[in-house]
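Thanks for making time this morning. I would like to walk you through one model, beginning with a single chain, moving on to the core, and ending at the surfaces that face the DNA.

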Number of protein chains: 2
Amino acid sequence: MSDVFKALADPTRRTILDELAERDSQTLFEICSRLAMRHGLTSSRQAISQHLDVLEVAGLVRTERRGRNKFHVLDTTPLRAIVERWPIHD
Amino acid sequence: MSDVFKALADPTRRTILDELAERDSQTLFEICSRLAMRHGLTSSRQAISQHLDVLEVAGLVRTERRGRNKFHVLDTTPLRAIVERWPIHD
DNA sequence: ACGTTATGCAAGCGGATTCTTGCGTGTCAA
DNA sequence: TTGACACGCAAGAATCCGCTTGCATAACGT
């Protein structure tokens, strides 16, 4: 549970989630280039790879290997616990 | 926006939000003693005071001074943006 | 088989965070 | 007015995070 909040605490990781929300099932290289093109991020491949590890441990990203590629898919179910923990009033 | 996630990244701060969700409008001393009694936390008064500052900057806690007391109330409206940013499927 | 491509692993550096420590300020009660 | 109480401020130490750097591994094309 703590992993989810720590994962969301970094702006680069939140942008990665945005990118995966737009286009699901991307490889690391796709994510790197699209982050640079569309979101103006200049992070290196290794940095983004480490961010994806954090997101995967938090359960916000699931992965699937095919050959030498690793595809990443968004999983927002851990976010449900946030809303259930502290009810939102109007 | 980033302040909200950073505030939620710390387990002590999340416990403070839990405590304020149970019993709203508490002073710093009330929060300190109830965190120790009911949640088993051993943080000092200054540490909790700094945590409350972080939560207030994030907009998750609002405060009101009366005399020498400062009352803290929970505000969950910043959490709405989280759910709206990445839609939750079933 | 060989080079290229996509990714993994791990040590180290710099900056941010958390907590402590000590003192300062304003408020209340007697 | 005096002392006790609730809280604020700020500097230092220890720890944590994100990033870089360099090398390693495995799959694909030719």
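Chain A has 5 helices and 2 strands, where helices are DSSP runs of H or I with at least four residues, strands are E runs of at least two, and both are numbered from the N terminus. Read along the sequence, the elements of chain A follow the pattern α-α-α-α-β-β-α. Before going further I should say that this is a predicted model, in which local features need pLDDT of at least 70, side-chain atom pairs count only at pLDDT 80 or more, and totals for chains, interfaces and linings use all residues. Residues are numbered from 1 along each chain as its sequence is written, chains are lettered from A and ligands numbered from 1 in the order in which they are written, and side-chain values use heavy atoms, with hydrogens and water left out.

The C-alpha trace of chain A spans about 45 × 30 × 20 Å along its principal axes. Of its 90 residues, 42% count as buried, meaning under 20% relative accessible area, with exposed set at over 50% and partly exposed in between, using a 1.4 Å probe and protein chains only. If we take contact to mean heavy atoms within 4.5 Å, then residues 24 or more positions apart account for 51% of the contacts in chain A with a separation of 6 or more.

Now to the core. A nonpolar core here is a set of buried Ala, Val, Leu, Ile, Met, Phe, Trp, Tyr and Cys residues joined through side-chain atoms within 4.5 Å. The largest one has 42 residues, and A:L8, A:L60, B:L8 and B:L60 have the most contacts inside it. Two or more residues each come from α1 (2–8), α2 (11–22), α3 (28–39) and α4 of chain A, together with α1 (2–8), α2 (11–22), α3 and α4 of chain B. Leaving aside neighbours within four places in sequence, B:L8 is in contact with residues of both chains, among them A:F5, A:W86, B:L17 and B:L60.

Which residues come nearest to DNA strand D? Of the 21 residues around that strand, they are A:R13, A:S44, A:Q50, A:H51 and B:F29, a residue being near if one of its heavy atoms lies within 4 Å. Of the atoms of strand D within 4 Å of the protein, 64% belong to sugar or phosphate and the rest to bases. A polar side-chain atom of A:H51 lies 2.2 Å from a phosphate oxygen of strand D, while a backbone N or O atom of B:L28 lies 3.2 Å from a phosphate oxygen of that strand; a polar contact is a pair of N or O atoms within 3.5 Å.

For DNA strand C, the nearest of the 21 surrounding residues are A:F29, A:K70, B:R13, B:S44 and B:H51. Here a base oxygen of strand C is 3.3 Å from a polar side-chain atom of A:R45, and a phosphate oxygen of strand C is 3.2 Å from a polar side-chain atom of B:K6.

Let me finish with B:K6, which is found in helix α1 of chain B. B:K6 is partly exposed, with a relative accessible area of 48%. Not counting residues up to four places away in sequence, B:K6 touches A:A9 and B:R13.

Definitions and conventions:
A polar contact is a pair of N or O atoms within 3.5 Å; within protein, one must be able to donate a hydrogen and the other to accept it, and residues adjacent in sequence count only if both atoms are side-chain atoms.
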